[in-house]
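Dear colleague,

I am passing on to you the structure below, and after it you will find a short account of what came out of looking through it. Please keep it open beside you as you read.

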Amino acid sequence: MEIPKKDGKVRKLGIPTISDRVAQMVLKDYLEPRFEAIFSPHSYGYRPGKNAHQALAAVRENVKMLDWAIDLDIKGFFDNIDHRNLMLAVKKHVPEKW
């Protein structure tokens, strides 16, 4: 089913089955440690054991040492990312062929 968005576009709504959810969790549990090992320790979005409060605490400490900041808004990131490049990045770190 397609859900209308404020900008006039639509988003497809899919309802995962129990087997979909189980497969997603197995994959997450299998791949997450591998990707966590290569992610920047300064990244806080959607990371296990990291939250917005920790990100704000890091910002408070960083502004004492630096006079600049980087702010990123990833709204719509997965709607706009080049899928081919994403899959190349996954392939680099996931040698399994399943």
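**What was found**

Buried residues make up 4% of the 98 residues in the protein chain, and please keep in mind throughout that this is a predicted model.

To begin with the overall picture, the protein chain has 4 helices and 2 strands, and, read from the N terminus, these elements follow the order β-β-α-α-α-α. The radius of gyration of the protein chain is 18 Å, whereas a compact globule of 98 residues would have one near 13 Å. Along the principal axes, the C-alpha atoms fill a box of roughly 50 × 40 × 25 Å. Of the contacts with a separation of 6 or more, 32% are between residues 24 or more positions apart.

Turning to the surface and the charges, the accessible surface comes to about 9300 Å², and 62% of this belongs to carbon and sulfur atoms. The protein chain carries 17 positive and 13 negative charges, and the mean positions of the two sets are 2 Å apart.

One residue deserves a closer look, namely arginine 47, which is found in the loop between helix H1 (18-36) and helix H2 (52-65). Arginine 47 counts as buried because its relative accessibility is 8%, and buried means under 20%. A polar atom of its side chain lies 2.9 Å from the backbone oxygen of serine 40, and a polar atom of the side chain of arginine 47 also lies 2.8 Å from the backbone oxygen of serine 43. If neighbours within four places in sequence are left aside, arginine 47 is in contact with Glu36, Phe39 and Ser40.

With best wishes

Definitions and conventions:
Residues are numbered from 1 along each chain as its sequence is written. This is a predicted model: local features need pLDDT of at least 70, side-chain atom pairs count only at pLDDT 80 or more; totals for chains, interfaces and linings use all residues. Side-chain values use heavy atoms; hydrogens and water are left out. The radius of gyration is taken over C-alpha atoms; the globule rule is 2.2 Å times the number of residues to the power 0.38. Buried means under 20% relative accessible area, exposed over 50%, partly exposed in between (1.4 Å probe, protein chains only). Contact means heavy atoms within 4.5 Å. Accessible areas come from the Shrake-Rupley method with a 1.4 Å probe; for residues, only the protein chains shown count as cover. Lys and Arg count as positive and Asp and Glu as negative; His and the chain ends are not counted. The place of a charge is taken as NZ of Lys, CZ of Arg, CG of Asp or CD of Glu. A polar contact is a pair of N or O atoms within 3.5 Å; within protein, one must be able to donate a hydrogen and the other to accept it, and residues adjacent in sequence count only if both atoms are side-chain atoms.
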